[in-house]
Amino acid sequence: MSASSRDLPPSEGIAGFSANISDRGLHRLAAGTLLVAFHGTTAPDWVLRELENGLGGVTLFGFNVADSAQLTALTGQLTDAGRPIISLDEEGGDVTRLAYHTGSPYPGNAALGAVDDVELTERVYHSIASELVRCGVNLDMGPVADVNTADDNPVIGTRSFGPSPDLVARHTVAAVRGLQSLGVAACVKHFPGHGATRQDSHLEIPVVDASPELLRARELVPFRAAIEAGTKSIMTAHVSVPGLTGAVPATLSSQALTGLLREEMAYDGVVITDALDMHAITKSVGLGGGAVMSLRAGSDLLCLGPLPTPEEIQAMLAEIVAAVSDGRLPAARLEEANERVERLRRWFSAPRQGIGEGNVIGLDAARRAVSLTGSAAPLVDPLVIEVDTPPTIAVGDVPWGFAPWLPEAEVVRVKPEEADGVALLGRAAARSLVIVVKDAHRHARTRSFVSDLVAARPDAVVVEMGLPVWRPEAAAYIATYGAARPNAQAAAELLTA
């Protein structure tokens, strides 16, 4: 029995009962469209109460996870209170929640795209799924299906499989298969594509300046492939596509979610919004207004980050209920959303078998992705200079670097605008110098700082742990395509081979 149907006459199902919805039933329908977040490693009382009252589910973040045992206890606590969707962002690579405090044991999509072995990608995501299953998580906010055509994209980058629609499509399909083979729903993101943007939707509304023809030939190719592969959910993007959505972000656009995704692309799975508390929504139409507009446009689950308070979430629910009452939001749209979510819950309950390969597959993938250009001399009392890069909101402050893998080295982390290059070169005298950067092509100060170091020490080795777009004239250049733990280990193995 679905959460919403508990308030209905016994003879009626979820769909087609608008005239009979009680106030309590309407609240349950509204609550059934929410994925809320909270702080802490145990579920607060208000979340447990809302789960009993029909809440759709929760989204977990790094601050909700201490270790696998604690996470398993938390998801058990949530499940005891209802039948929640329990989701988190586990992309591997830079974006991890399971290993937020240590760094992911899996390389991210850019590394997998560089290897371009779809069987390997499926195995990696199968292994990720096995960890999620053990911890009680049933929906992964991944894979990223964005075609990263903008080198200076501030939010996608190494999260994408690459710049080719066909490459991204075949690896998106492999990732979906790997996750869903163990009963973890994939959530392919960010529809209709976030890869051609130069703004971060956490902070503003980015624009994808693509014609409908280009959109279909580029951005939509991986999503079509994922739909054919049976992805259980798709996440919307807070991006505007002038030729499709006008100035409105896709999350709020019926042209994008109903006209394009539902009708033209024939997708009938669950549509989940990107976090509605991102500035692209809150600074334009507000949290409650965004919730109503997105549901009306065609979304089924409204994802929230950790910013809204319980009081703001209640106000958001009240706005949804009021919108049904005054005719701004058809009750049938809420019913349809709840029905899709209920179908997803039934899919979760199907028995499945299989286990993942653990960290071995992650390191194998990272070793296959890493590349060396030039020649690196044997290390002698190495000084490793890691050039600090501000983390994006999507990634968070996840640990990265070489310290665990080069115990004999002196490792220093510096900010390029504050570092004393002359002093560092003095410390590196008669020693091997290794310079580590992340997405140097996006940071002018980093490029200037590294160029000065390499001009003085042309024998230095530069390691790029983001996208290898900018390549200085160093003796050796290592590209890892990500900054996860196995990426660093694979690069360290090249340095010490």
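## Empty spaces and a helix crossing

The structure holds 2 cavities of 30 Å³ or more. Keep in mind as you look around that this is a predicted model.

How can we find such spaces? Rolling a probe the size of a water molecule over the atoms shows where empty space is left. The second largest cavity has a volume of about 50 Å³. Among the residues lining this cavity are Glu91, Asp94, Arg159 and Tyr481. Its lining divides into 3 nonpolar, 5 polar and 3 charged residues.

Now for the pockets. The table sets out two of them.

| Pocket | Volume | Residues closest to the centre | Lining |
|---|---|---|---|
| Largest pocket | about 610 Å³ | Phe61, Arg97, His202, Ile393 and Ala394 | 33 residues: 17 nonpolar, 9 polar and 7 charged |
| Second largest pocket | about 390 Å³ | Asp94, Pro391, Thr392, Val395 and Lys438 | 30 residues: 12 nonpolar, 10 polar and 8 charged |

Asp94 is worth finding in the structure: this residue helps line the second largest cavity, and Asp94 is also listed among the residues closest to the centre of the second largest pocket.

Next, let us turn to two helices. Two packed helices are described by the angle between their axes and the distance between the axes. For helix H1 (residues 23-31) and helix H13 (residues 310-325), the axes come within 9 Å and cross at roughly 120 degrees. H1 is therefore oblique to H13. The crossing of H1 past H13 is right-handed. On the H1 side, Leu26, His27, Ala30 and Ala31 make the contact, while H13 contributes Gln314, Leu317, Ile320, Val321, Val324 and Ser325. Sorted by type, the residues of this contact are 7 nonpolar and 3 polar, with no charged ones.

Conventions: Residues are numbered from 1 along each chain as its sequence is written. This is a predicted model: local features need pLDDT of at least 70, side-chain atom pairs count only at pLDDT 80 or more; totals for chains, interfaces and linings use all residues. Side-chain values use heavy atoms; hydrogens and water are left out. On a 1 Å grid over the protein atoms alone, a cavity is a set of points where a 1.4 Å probe fits but cannot get out, and a pocket is an open set with protein on both sides within 12 Å along at least five of seven lines; lining residues have an atom within 4 Å of a point. Grid points are joined across faces, edges and corners, and a volume is the space filled by probe spheres set on the points. Ala, Val, Leu, Ile, Met, Phe, Trp, Tyr, Cys and Pro count as nonpolar, Asp, Glu, Lys and Arg as charged, and the others, Gly among them, as polar. Axes are lines fitted to C-alpha atoms, for helices over the stretch in contact, and angles run from 0 to 180 degrees between N-to-C directions. Helices (H or I, at least four residues) and strands (E, at least two) are DSSP runs, numbered from the N terminus. Angles under 35 degrees count as roughly parallel, over 145 as roughly antiparallel, 65 to 115 as roughly perpendicular and the rest as oblique. A crossing is left-handed if the near helix is turned anticlockwise from the far one by less than a right angle, and right-handed if clockwise. Contact means heavy atoms within 4.5 Å.
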